[in-house]
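Thanks for coming, everyone. I'd like to walk you through a structure I've been looking at, one piece at a time. Let me put it on the screen.

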Amino acid sequence: MDYETKKAYTFKVEASNAHLDPRFHSFGPFKDTATVKINVLDVDEPPVFSKPSYTMDVYEDTPQGTIIGAVTAQDLDAGNSPVRYSIDWKSDLDSFFDIDPVRGTISTNELLDRESIAQHNISVVATKVNNPVLTSRVAVTVHVLDINEFPPELAMPYETFVCESAKVGQVVQVISATDQDLPQAGQRFSFKSPQEGVKTKNFTIRDFGNNTAGVVALRSGFKRWSQEIYHLPVVIEDGGLQTLSSTSTLTIRVCGCDTEGSLLTCSAEAIFLPVGLSTGALIAILVCIVILLVIVVLYVGVRRQKKKETLMTSKEDIRDNVIHYDDEGGGEEDTHAFDMGTLRNPKVIKENLFRRDVKPELGLCSQRPIASQNSADISNFISQRLQEHDGDTSAPPYDSLATYAYEGEGSVAESLSSIESVKGETEEDYDYLNEWGPRFKTLAGIFGERSESQSDVTSSTATENKH
């Protein structure tokens, strides 16, 4: 029952005895009637829309804020509460539309594009003011109508060519057009040349009346060597309420064809090639030339690199005997670090030669110093040091290198100082220098003259003392 439709119901109820005793039939009917009236109580219900659904139309690119329609809902309860309207945000995520909360009018909130979205489905919610919990919904469909906003254009980028053997009036290309707008009653395109009022001599446009057109040659005798490419502008118009047009340009190439009109070549350079020499042969020749040039460049580079080689790389370089050592080695006894033979000069090595850096004495030239007989302490010291070195595991691997800081008891050669050598130099004979070889001949002569002069001075001094 609906209180808003019928608020009360009245009817009669009859009660009768279905099983009567025949003895009491004469006393009259045994039944009774009563009138029943039912009042329907009002219950608070959601508002009710005037229509189960709404449909609205709007042209694309309609200015923002334009009203496209309205919805109506009312509270049928006895309280007759006011109603407020809103759009469910889940049905209009991009907020294309807006609604007046009191009047229920729907307006555009953004510019609509039919090519992007042709139909919008939104949901409008009606809410009672005195009881916001009670709401109702209605579906609203908005159709976006198309307007003529896109000009027509060629259906594809045509690659048009004309044969050198083309005749007058021959159709060399058939073209068509397309439009992004939604056709209202079928698209209608027209084609024409922008120079219709001017007489042309090469090509023209012929409209076939079925949304296609043809490129027609107005003359014959096209030659590639004369002109290879022609440009033909084409004007295309649509059949909308507000006619739009665009101009496109066709590129027409002059090509060589066979007798049946099939394309052979469109390259103008092929005309000037020698007879019998194909493009592949020319490419092969160019590749060979490039390879030869690379070989020549590599050869010249190798020759220059050989000229820049230093003398250190030559086998006859006199500096091959120069040896570089980056480590100190183990001393003079370490013969594994370098070749000791390169430091020796066999011409100088002789037996029984004295040191060159010590001035030899006359009385000691042919004698060797005799070791001291009392050298037990030195032997003990040397033995002790040898044992220490033999048992040292952390010492370097050259056992022959040992340093002894003990001077001993003294030398049998006595002092080698030059302080007291003046007395002995007066009578020293330097003739033994001649035995050392021709390299000491000059030194022997110098010391010999010096000894003679000293002897003369000594004799003259002695004479004066006598006097």
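**Salt bridges, strands and a surface patch**

Let me begin with a group of charged residues: D44, D75, D77 and K128 are linked in a network of salt bridges. Before I go further, keep in mind that what you're seeing is a predicted model.

Let's zoom in on one pair from that network. D75 forms a salt bridge with K128, and their closest N and O atoms sit 3.1 Å apart. This one joins distant parts of the chain: D75 is in the loop between β6 (73–74) and β7 (83–87), K128 is in strand β10, and 53 residues separate them. So, are these two buried or exposed? D75 has a relative accessible area of 4%, so it counts as buried. K128 is at 1%, so that one is buried as well.

The structure holds 13 salt bridges, and I'll show you two others. D21 pairs with R23, with 2.8 Å between the closest N and O atoms. Here D21 is partly exposed, at 30% relative accessible area, while R23 is exposed, at 64%. Then there's E115 with R114, where the closest N and O atoms are 3.1 Å apart. In that pair E115 is partly exposed at 27%, but R114 is buried at 13%.

Okay, let's step back and take in the whole chain. It has four helices and 20 strands. There are 467 residues, and buried ones make up 23% of them. The chain exposes about 34600 Å², with carbon and sulfur atoms supplying 54% of that. If you take contacts between residues at least 6 apart in sequence, 62% of them join residues at least 24 apart.

Back to strand β10, where we met K128. Which strand does β10 pair with in a hairpin? The answer is β11, with six residues between the two strands. They pair in the antiparallel sense over nine bridges. If you want a spot to look at, find Q119: its bridge partner in β11 is H143.

Just along from there is H120, also in β10, which covers residues 119–128. H120 is at 8% relative accessibility, so we call it buried. What is it in contact with, once you leave aside neighbours within four places in sequence? The list is F96, F97, L112, V140, T141, V142 and V144.

Now β11 has another partner to show you. Strand β4 (residues 53–59) and β11 (residues 135–145) pair in the parallel sense, over seven bridges. S53 stands opposite A139 there, if you'd like to find it on the screen. As a quick reminder, strands of a sheet pair through backbone hydrogen bonds, either parallel or antiparallel. With β11 you can see both: antiparallel with β10 and parallel with β4.

Next, a three-stranded sheet. It's an open one, in the order β5-β9-β8, with antiparallel pairing. The edge strands are β5 (67–70) and β8 (97–99), each pairing on one side only. From one strand to the next, the twist averages 25°. The β5 and β9 pairing runs over three bridges, with β9 covering residues 105–108. For a landmark, look at G69, whose bridge partner in β9 is I106.

Further along the chain, β14 (residues 171–178) is worth a stop. It pairs antiparallel with β12 (residues 153–154) over two bridges, and there L154 stands opposite A177. β14 also pairs antiparallel with β17 (residues 212–217), this time over five bridges. In that pairing, Q173 stands opposite V215.

Last stop is the surface. Which residues form a nonpolar patch there? They are I283, V287, I291, L292 and I295, with about 470 Å² of accessible area together. I295 lies in helix α1, which covers residues 279–307. At a relative accessible area of 49%, I295 is partly exposed, because exposed would need over 50%.

That's my tour. To go back to where we started: the one to take a second look at on the screen is the network of D44, D75, D77 and K128. Happy to rotate the view if anyone wants another angle.

Technical notes: Residues numbered from 1 in each chain as written. Predicted model: local features only at pLDDT ≥ 70, side-chain atom pairs only at ≥ 80, totals over all residues. Heavy atoms only, no water. Buried < 20%, exposed > 50% of the residue type's maximum accessible area, 1.4 Å probe, protein only. Contact = heavy atoms within 4.5 Å. Pairing = 2+ DSSP bridges. Axes fitted to C-alpha atoms, helices over the stretch in contact; angles between N-to-C directions. Salt bridge = Lys/Arg side-chain N within 4 Å of Asp/Glu carboxyl O. Patch = residues over 30% accessible without salt bridge, like charges linked within 9 Å, V, L, I, M, F, W, Y side chains within 5 Å. Areas by Shrake-Rupley, 256 points an atom, 1.4 Å probe, with all protein chains shown as cover.
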